[in-house]
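Please take a moment with the sequence and the model before reading on. The report that follows goes through a few parts of the fold in turn.

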Amino acid sequence: MGKYWLPFEFFKEKNKLKDVKEFHVHDSDVIIASFPKSGTTWIQEIVHQLSDGLSESEELTIEEIFPYIEYVYPGLKHLAKCTSPRYMKTHLPYELLPDDVYTGHGKVIYIARNVKDVSVSYFHFIKMLTITKYSGEFNDFLTTFVDGKDHVLGYWKQREQSNILFISYEDLHKNPVVVIKQISSFLGKSVDEKQMLEIAFQCSFSQMKSNPLVNYSWWHDLGISDKKQTDFMRKGKVGDWMNYYTEDMLKKINVCCIEPAEKEQLILKDNL
Ligand code: A3P
C-alpha cells in the first residue's frame with residue numbers, strides 16, 4: 001500500500017485499522033470524508049444545520065458532534081454507543097474506510113479542494129499545531145506534501161455509488177445554495193428556499209469564523225494550537241496558492257494537479 005498521511009494518534013491503538021474496517025456502519029450514518037484542509041468543517045456545519053435532530057446539540061462543538069472515526073478520542077467505542085442518526089468524519093482514503101461502506105451502508109459526503117490551496121492551508125495548519133513544532137518554510141513542506149499518495153482519486157472513482165456524494169470546495173464557494181441543495185437532497189431532507197438561504201448564511205466563512213462552536217478556538221484555549229500563527233478559519237479563499245507558489249514549486253506540485261478524470265484515464269492506460 002502507498003504512503004498515506006494519517007494522524008499519529010491513529011497508531012497508538014493496536015488493531016485500529018482492523019477495528020475501523022470492521023466498524024458496523026448504519027444506513028442512517030453520515031460520514032464526512034476529505035483530505036485534511038479541504039473544507040471538512042464547512043461540510044460538517046452544513047450537515048449540522050440541515051439536521052433537525054441535532055437541535056439539542058447546541059452547546060456541543062463540531063468536533064463533538066462529528067467524532068473522528070480513526071482518532072483515539074472519543075473513539076469507535078463511543079460511536080458504537082451513539083444513537084441514530086450518527087454523524088462522523090474521517091480523513092481516511094477510500095481504501096481504508098469501513099467495509100460496510102462498500103456494500104452501500106451509510107452516506108458518505110466527500111469534499112475535494114484544489115491541491116495547491118490545500119497545501120497552503122495545510123502548511124499554516126501544521127505551523128499552528130503546537131505539537132508539531134514545525135518551523136520549516138513552505139518549500140520544504142511542499143516536498144513532503146507531494147510525496148503522499150492521491151486521496152481524491154479513490155473517492156472520485158466511486159462518485160456514482162448511491163451512498164457517495166462527491167463535491168468540490170470550489171463549487172461550494174462559487175454557489176453555496178446549489179451545493180447545499182445537493183447535500184440536502186442526498187441526505188433526504190426537505191428544506192425550503194428561505195431555510196436554504198439561512199443555512200448558506202450561517203455557514204458562510206465570516207459566520208463560521210466567529211462561531212465558537214465551529215471555529216476551533218477551543219484548541220487555542222487547550223494549548224493545542226498557537227493563535228499567533230493563524231486561526232483554524234484562516235482565509236477561506238479560492239486561489240490563495242498564487243501568493244505562495246514559485247515556478248519551481250508549480251513544477252513540483254504539477255503531478256498532483258491533474259484532474260481526477262484525466263488521472264483515471266492515465267492510470268487505466270498505464271495498466272493496459
Ligand atoms: P484556509 O486555510 O485556506 O482558510 P478543514 O475543515 O478540512 O480542515 O479545512 C479548513 C479550510 O477550510 C480552511 O482553509 C478554512 O478557512 C476553510 N473553511 C472553513 N469553513 C469555511 C467556509 N465557511 N467558507 C470558506 N472556507 C472555509
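Which residues in H6 meet which residues in H7? In this predicted model, Ser 119, Tyr 122, Phe 123 and Ile 126 are the residues of H6 that meet Phe 138, Phe 141, Leu 142 and Phe 145 of H7. These contact residues divide into 7 nonpolar and 1 polar, with no charged residue among them. Helix H6 covers residues 115–128 and helix H7 covers residues 138–145, and the two pack at an angle of about 110°, with their axes 10 Å apart. Because of that angle, H6 is roughly perpendicular to H7, and the crossing in which H6 passes H7 is right-handed.

A second pair of helices can be described in the same terms. Helix H10 (residues 176–186) and H11 have axes that come within 10 Å and cross at roughly 110°, which means that H10 is roughly perpendicular to H11. H10 passes H11 in a right-handed crossing. On the side of H10 the contact is made by Pro 176, Val 177, Ile 180 and Lys 181, while H11 contributes Met 196, Leu 197, Ile 199 and Ala 200. The residues of this contact of H10 with H11 divide into 7 nonpolar, no polar and 1 charged.

One residue of that contact deserves a closer look. Leu 197 lies in helix H11, which covers residues 193–202, and the C-alpha atoms of Leu 197 and Ile 180 are separated by 9.3 Å, although these residues are 17 residues apart along the chain. Is Leu 197 buried or exposed? Leu 197 counts as partly exposed, because it has 14 C-beta neighbours inside 10 Å, whereas a buried residue would need 20 or more and an exposed one 12 or fewer.

The model also holds a ligand, which 20 residues surround, the closest being Thr 40, Thr 41, Ser 121, Arg 234 and Gly 236. Helix H2 (40–50), H6 and helix H12 (205–209) are the elements that give two or more residues to this shell. The table shows how the shell residues divide.

| Class of residue | Number in the shell around the ligand |
|---|---|
| Nonpolar | 6 residues |
| Polar | 9 residues |
| Charged | 5 residues |

For the chain as a whole, the secondary structure comes to 15 helices and 4 strands, and of the 272 residues 28% count as buried. Among the contacts in the chain with a separation of 6 or more, 73% are accounted for by residues 24 or more positions apart.

Note on methods: Residues numbered from 1 in each chain as written. Predicted model: local features only at pLDDT ≥ 70, side-chain atom pairs only at ≥ 80, totals over all residues. Axes fitted to C-alpha atoms, helices over the stretch in contact; angles between N-to-C directions. Parallel < 35°, antiparallel > 145°, perpendicular 65-115°, else oblique. Left-handed = near helix turned anticlockwise from the far one by under 90°. Contact = placed C-beta atoms within 7 Å. Nonpolar A, V, L, I, M, F, W, Y, C, P; charged D, E, K, R; others polar. Near = placed C-beta within 6 Å.
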